[in-house]
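Please look through the sequence and the fold below before reading on. The paragraphs that follow lead from strands to a helix and then to aromatic rings.

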Amino acid sequence: METFYLIDFENVHNDGIANIESMTKEEHVHIFSTQNATNIRQDIFWLKEDRDIKPHLVPVRKQSLDMHLVSYLGYLLGVYGKECSYVIISKDKDYDNIVKFWKEKAILIFHEKRSCRELLLLRGKKHRQYLKQKVMCRL
């Protein structure tokens with residue numbers, strides 16, 4: 001199953017993208033940031049050639065990054081729907097309502113305060129079991 005990670009970089013910084021170099025071809029990372037948080041690891045841009053890592057620089061305004069991330073999530077859902085899983089990585093609790101809304105529509109989506117490192121370490125069968133366990137816990 002393909003997994004899309006949408007990272008609120010302003011909120012989790014480089015910890016949120018730790019271990020990103022070990023992602024597989026089935027994992028896609030979208031890093032959302034503003035000019036207020038541009039201290040992103042430079043090696044990320046060299047990894048882009050053989051991994052699906054996309055940076056999104058959004059305007060600095062109140063809740064601008066959150067709105068862009070959620071809008072992009074809607075775009076991904078429109079393109080891929082229930083065929084994929086979606087993970088928002090942020091410590092911001094405001095995403096909880098968005099996740100709840102999509103879960104009610106039977107979308108496999110999660111809001112994680114963990115870093116990409118921890119989630120990528122759960123890859124494969126362990127990752128699917130982890131995602132299923134989270135679904136069962138929330139029902």
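Two strands are said to pair if DSSP finds at least two bridges between them, and helices (H or I, at least four residues) and strands (E, at least two) are themselves DSSP runs, numbered from the N terminus. This is a predicted model, in which local features need pLDDT of at least 70 and side-chain atom pairs count only at pLDDT 80 or more, while totals for chains, interfaces and linings use all residues. Residues are numbered from 1 along each chain as its sequence is written, and side-chain values use heavy atoms, with hydrogens and water left out.

A good place to begin is strand β1. It pairs with β4 in the parallel sense over six bridges, and Phe-4 has Tyr-86 of β4 as its bridge partner. β1 also pairs with β2, again in the parallel sense and over six bridges, and here Tyr-5 stands opposite Val-29 of β2. Six of the seven residues of β1 are buried (under 20% relative accessible area, where over 50% is exposed and in between is partly exposed, with a 1.4 Å probe and protein chains only), so β1 is largely enclosed by the rest of the structure.

Strand β3, residues 52-57, holds His-56, which counts as buried because its relative accessibility is 17%. If neighbours within four places in sequence are set aside, His-56 is in contact (heavy atoms within 4.5 Å) with His-30, Ile-31, Phe-32, Ser-33 and Tyr-72.

Next comes helix α3, residues 64-80, whose 17 residues should span 24 Å at 1.5 Å a residue (the expected span is 1.5 Å times one less than the number of residues), and the C-alpha atoms at its ends are indeed 24 Å apart. An α-helix has 3.6 residues a turn, so residues three or four places apart point the same way. Among the buried residues of α3 are Leu-65, Leu-69, Leu-73 and Leu-76, and the buried residues of this helix pack against β1, α1, β2, β4, α4 and β5. Just after α3, Gly-81 takes a positive phi of about 55 degrees.

Finally, consider the aromatic rings. The structure holds five aromatic pairs (rings of Phe, Tyr and Trp, the last by its six-membered ring, with centres within 6.5 Å; planes under 30 degrees apart count as stacked, over 60 as edge-to-face and the rest as tilted). The ring centres of Phe-101 and Trp-102 are 5.0 Å apart and their planes lie at 80 degrees, so this pair is edge-to-face. Ring pairs also link Phe-4, Tyr-80 and Tyr-86 into a cluster.
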